[in-house]
Protein chains: 2
Amino acid sequence: MAATPRDAGDGSRSAQRPGAQAGRRADARRNIRSILDAAQLCLARDADASVADIAKAAGVGRVTLYGHFKTRADLVNAVLTRTMEQSDAALDATDTTGDPRQALTRLVGASWQIVHQLHSVLRAAQRELPPERIRAVHDRTLHRVRAIIARGRHDGVFRDDLPERWLVTTVFTLMHAAAEDTAAGRLDADDAARVISATLLAALTAPGTAVPTQAP
Amino acid sequence: MAATPRDAGDGSRSAQRPGAQAGRRADARRNIRSILDAAQLCLARDADASVADIAKAAGVGRVTLYGHFKTRADLVNAVLTRTMEQSDAALDATDTTGDPRQALTRLVGASWQIVHQLHSVLRAAQRELPPERIRAVHDRTLHRVRAIIARGRHDGVFRDDLPERWLVTTVFTLMHAAAEDTAAGRLDADDAARVISATLLAALTAPGTAVPTQAP
DNA sequence: GTCAACTTGAACATCAATGTTCAGGTTACG
DNA sequence: CGTAACCTGAACATTGATGTTCAAGTTGAC
């Protein structure tokens, strides 16, 4: 009854931690990666995709999956962590200084897909992860957009007649809508960034002011 | 083994049909109404609320619910039908002629909550109702908004540089977002109609044009 | 080449939700 | 009133998903 070491149990080697793949064998690392890829995809499509579906999509036995992720919640959490890291990377690479309108346009172009994925996974996590975790991720993604909008309002280039919170909601909402329309084939993916930006720049313009033809 | 008449089986008396409550006793009618009310509320909050939850929210035994609705799908379908009727009533009472900007403002004010409810229920129905039913309801709600937008584009008051389909998406998306923000306490319900309209009028304005201060 | 790490399908226990049945209690309605 | 319609909780069968165990096979690492 010797314990197989594929699951340490003490957490020091669990797959969902950063650098968790350190001491593992090459095929194990490969599988963990496949599972995360598949889970990210499946969960973005359907928030309550079954573990069996994810395993199948990853080309891996269900038992193998449970070998790396003790529970469904563990898996979802790992995917959430991973997606957030990707999101952070994309946003860190974006210049958010200068004219707020240009900054917003750059931000949208660089991150509308990944932010949408983050939010999809987050929605999938809503049921099985603690609220504080949800909240933390949520706040983090909101912060950058809020900063740009606040600066734009202060500079007088964004409207001041609606709650800041609502404008942030508007930005995210339209990014998600565009992502979904793209996934459904109702919107050309290559055109999405332009469409989102154009809509947002207009939506954020103060009444009485002319809508910028392009981010100045 | 006499069959109880509370469920006809032949469909001619099933609760989910229009006028279904004709021959039933007063308490039965009352319960059916309570169940539909509760289901509408629960499904809007959580797309896969359990039948037990709905029965409890309706103040009714689970068996009673199954007495009136053979399956969960039947119930969902009944709620969908009912919500669509309410939506139609609200929209029929709205004047959609005249200046497209005013028409849109009126439409938003009259229907943002109900349209959001319709869509929530529709999402709940996504899994258990046939696609053609989903599609039918969806198309129907889209039609009115599309007509106004098309007219506005033709009149030159709405932008022409983005796909019409996207503008329709934008309108619905922002109505839903506002409804959710309202439900979550992030947006004042009394202010919602103004906020949505103001955002939409700006979003629909062509680049280079001044955003209308108010619907003219 | 050898051994431990890893994978795998089958089988099993568990749990929650859906429907169904039953036996008896209420209530509307004539 | 009296009866048929209705409501109810408890109990049961069923289904689908989550985890777990096992015995045997495969593969990476040294």
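User: Let's start inside the protein. Which residues does A178(A) touch, not counting residues up to four places away in sequence?

Analyst: Keep in mind that this is a predicted model. The general idea first: in soluble globular proteins, nonpolar side chains tend to be buried together. Here, A178(A) touches W112(A), L187(A), A192(A), V195(A) and I196(A) once those sequence neighbours are set aside. The largest nonpolar core has 110 residues, and A178(A) and A178(B) are the ones that touch the most other members.

User: What elements is chain A built from, and in what order?

Analyst: Chain A has eight helices and zero strands, so to speak a plain read from the N terminus on: α-α-α-α-α-α-α-α. Of its 216 residues, 37% count as buried. For contacts between residues at least 6 apart in sequence, 62% join residues at least 24 apart.

User: How do I read the relation between the two copies?

Analyst: Two copies of a chain are related by a rotation about an axis and a shift along it. In this model, chain B superposes on chain A by a rotation of 180° with 0.0 Å of shift along the axis, at an RMSD of 0.0 Å. The two copies are therefore related as by a two-fold rotation axis.

User: How many residues of each chain are in contact across the interface, and what do they consist of on the chain B side?

Analyst: The size of an interface is often given as the accessible area lost when the parts come together. Here we can go by residues in contact: 26 of chain B meet 26 of chain A. On the chain B side, α7 (164-183) and α8 (189-203) each supply at least two residues. The largest share, eight residues, comes from α7(B). By class, that side has 14 nonpolar, eight polar and four charged residues. And 100% of the interface residues of chain B are also interface residues in chain A, so the copies meet through the same surface.

User: Let's zoom in on α7(B). Why does its span agree with what a helix should give?

Analyst: At 1.5 Å a residue, the 20 residues of α7(B) should span 28 Å, and its end C-alpha atoms are 29 Å apart, which agrees. As for burial, the buried residues of α7(B) include W166(B), L167(B), L174(B), M175(B), A178(B) and D181(B). The cover over them includes α7 and α8 of chain A, along with α5 (100-125), α6 (131-155) and α8 of chain B. After the helix comes G185(B), with a positive phi near 80°.

User: And what do the buried residues of α8(A) pack against?

Analyst: They pack against α5 and α7 of chain A together with α7 and α8 of chain B. Among the buried residues of α8(A) are A192(A), V195(A), I196(A), L200(A) and L201(A). The span test works here as well: 15 residues at 1.5 Å each should give 21 Å, and the end C-alpha atoms of α8(A) are 21 Å apart, which agrees.

User: Is H116(B) buried or exposed?

Analyst: The cut-off for buried is 20 or more C-beta neighbours within 10 Å. H116(B) has 21 of them, so it counts as buried. H116(B) lies in helix α5 of chain B, and apart from neighbours within four places in sequence it contacts M175(B), H176(B) and A179(B). A78(A), in helix α4 of chain A, counts as buried too, with 22 C-beta neighbours inside 10 Å.

User: Now the DNA. Which residues come nearest to strand D?

Analyst: Of the 25 residues around DNA strand D, the nearest are A26(A), R72(A), N31(B), G61(B) and T64(B). At least two residues each come from α1, α2, α3 and α4 of chain A and from α1 and α3 of chain B. The surface near strand D has 10 nonpolar, seven polar and eight charged residues.

User: How many residues surround strand C, and which are closest?

Analyst: There are 24 around DNA strand C, with N31(A), G61(A), T64(A), A26(B) and R72(B) closest. Two or more residues each come from α1 and α3 of chain A and from α1, α2 and α3 of chain B. By class, the surface near strand C has nine nonpolar, seven polar and eight charged residues.

Conventions: Residues numbered from 1 in each chain as written. Chains lettered and ligands numbered in written order. Predicted model: local features only at pLDDT ≥ 70, side-chain atom pairs only at ≥ 80, totals over all residues. Near = placed C-beta within 6 Å. Helix = DSSP H or I, 4+ residues; strand = E, 2+ residues; numbered from the N terminus. Nonpolar A, V, L, I, M, F, W, Y, C, P; charged D, E, K, R; others polar. Contact = placed C-beta atoms within 7 Å. Core = buried A, V, L, I, M, F, W, Y, C linked by C-beta atoms within 7 Å. Buried ≥ 20, exposed ≤ 12 C-beta atoms within 10 Å, placed from the backbone. Least-squares fit on C-alpha atoms with pLDDT ≥ 70 in both. Expected span 1.5 Å × (residues − 1).
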